[in-house]
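Student: Could you take me through one strand of this protein up close, along with the charged pairs around the fold? I'd like one connected walk-through.

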Amino acid sequence: MPFSPITHIRHFDIAVPDFDKQIEFYKNHWGLTVQHDDGNVVYFAAEGSPEQYVTRVRRSHDKRLDLVAFGAADRESVDQLAQQLGTAGVRLITEPGSLQTLGGGYGFRFFDLEGRTIEVSTEVEVRQHRKIEEREAIPVRLSHVVLNSNQPEAMRAWYEKHLGFRLSDTLNHPHVGDLFYFMRCSTQHHSMAIARGPHASLQHASFELRGLDEYMRGSGRIIRAGYRKIWGPGRHAAGDNTFTYFVDPNGNTMEMTTELETIDEDTWHPHIFDVQEPETSDQWGTGGDMDEFITKEMFNDSDNDHLFVAPPV
């Protein structure tokens, strides 16, 4: 029995001032496939994913996180969620209806607690995809997104109450408090996470590769292409997944990962990991310690000027 009306993460959409460099990064280095390009908006698919696209890049003078999109099982789930959110006083941007984006579908948009635009949809046309082969070091799918917040406790409670997410694990500092909440909507350890930061922004987006060899080859390709690596390769304790983090041409942090943990709902109990323990950040000890420099890199530019402002469709 599903515990959340959300089934999975579909895509995240960003607006960037250095549009051409972002397109070149995703297309020629990160390993994504252009699904549609109208000159000012480019939709990128992951070859192994049935989703129409895993990220959308929009040309803009301003940099912002435009939207985070999640899937739902059917129209009934979408309609019921919209009704519940409206009754609870959540600001809806659109009512459930036909979507005008790539792949169509049925869904609606609303603002989360901090004013980010969130979309929930169903019946999106399935993209023709394929099995990723051995040593093919390109993303299979979008794994998760992490959001910075200066009120992470309230954000965690909001997503639990309104979207049915569950807490998988917590990163904690004994003197600072909780720094990171890993949230799940399925058996995947986390499809999103909430990180303590100075403002609302995209902390990072993570892409799943086929396996360890493909993950290492993909990480190496980005390093050889000259993009700045800020952390990794290593393996986190929470989620047990691998990580290598890079900074894209517009200052967003992008992660390559694999082997994210699958949870047994009947037996799982959330852990609290002490970030002062080296193994919390990196079980392998190969990526280097998580430090203030890396943390600040992942704070990203504030989205505060764009909160409660819906992006173009």
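Tutor: Sure, let's start with strand β1, residues 6-16, which is mostly covered: 9 of its 11 residues are buried. Keep in mind that this is a predicted model. On one side of the pairing story, β1 runs antiparallel to β5 (residues 64-72), with 8 bridges joining them; F12, for example, has V68 as its bridge partner in β5. β1 also pairs with β4 (residues 55-59), this time in the parallel sense and over 5 bridges, and there A15 is matched with R58.

Now for the charges. D13, R56, R58, R64 and D66 are linked in a network of salt bridges. Within it, the side chains of R64 and D66 meet at 3.1 Å, N to O, and both residues are buried.

The structure holds 25 salt bridges, so let me pick out two others. E208 and R141 meet at 4.0 Å, N to O. Since E208 sits in β13 (residues 201-208) and R141 in β9 (residues 141-149), the pair ties together parts that are 67 residues apart in sequence. E208 is buried at 10% relative accessible area, while R141, at 26%, is partly exposed. E259 and R235 form another salt bridge, with their closest N and O atoms 2.6 Å apart. This one links the loop between β16 and β17 to strand β14, parts that are 24 residues apart in sequence.

Finally, back to β1 by way of N252: this residue lies in the loop between β15 and β16, and its contacts include I14, V16 and N300. N252 is buried, at 4% relative accessible area, and its side chain makes a 3.0 Å polar contact with that of N300.

How values were computed:
Residues numbered from 1 in each chain as written. Predicted model: local features only at pLDDT ≥ 70, side-chain atom pairs only at ≥ 80, totals over all residues. Heavy atoms only, no water. Helix = DSSP H or I, 4+ residues; strand = E, 2+ residues; numbered from the N terminus. Buried < 20%, exposed > 50% of the residue type's maximum accessible area, 1.4 Å probe, protein only. Polar contact = N/O pair within 3.5 Å; in protein donor to acceptor, adjacent residues only side chain to side chain. Contact = heavy atoms within 4.5 Å. Pairing = 2+ DSSP bridges. Lists of a residue's contacts leave out its neighbours within four places in sequence.
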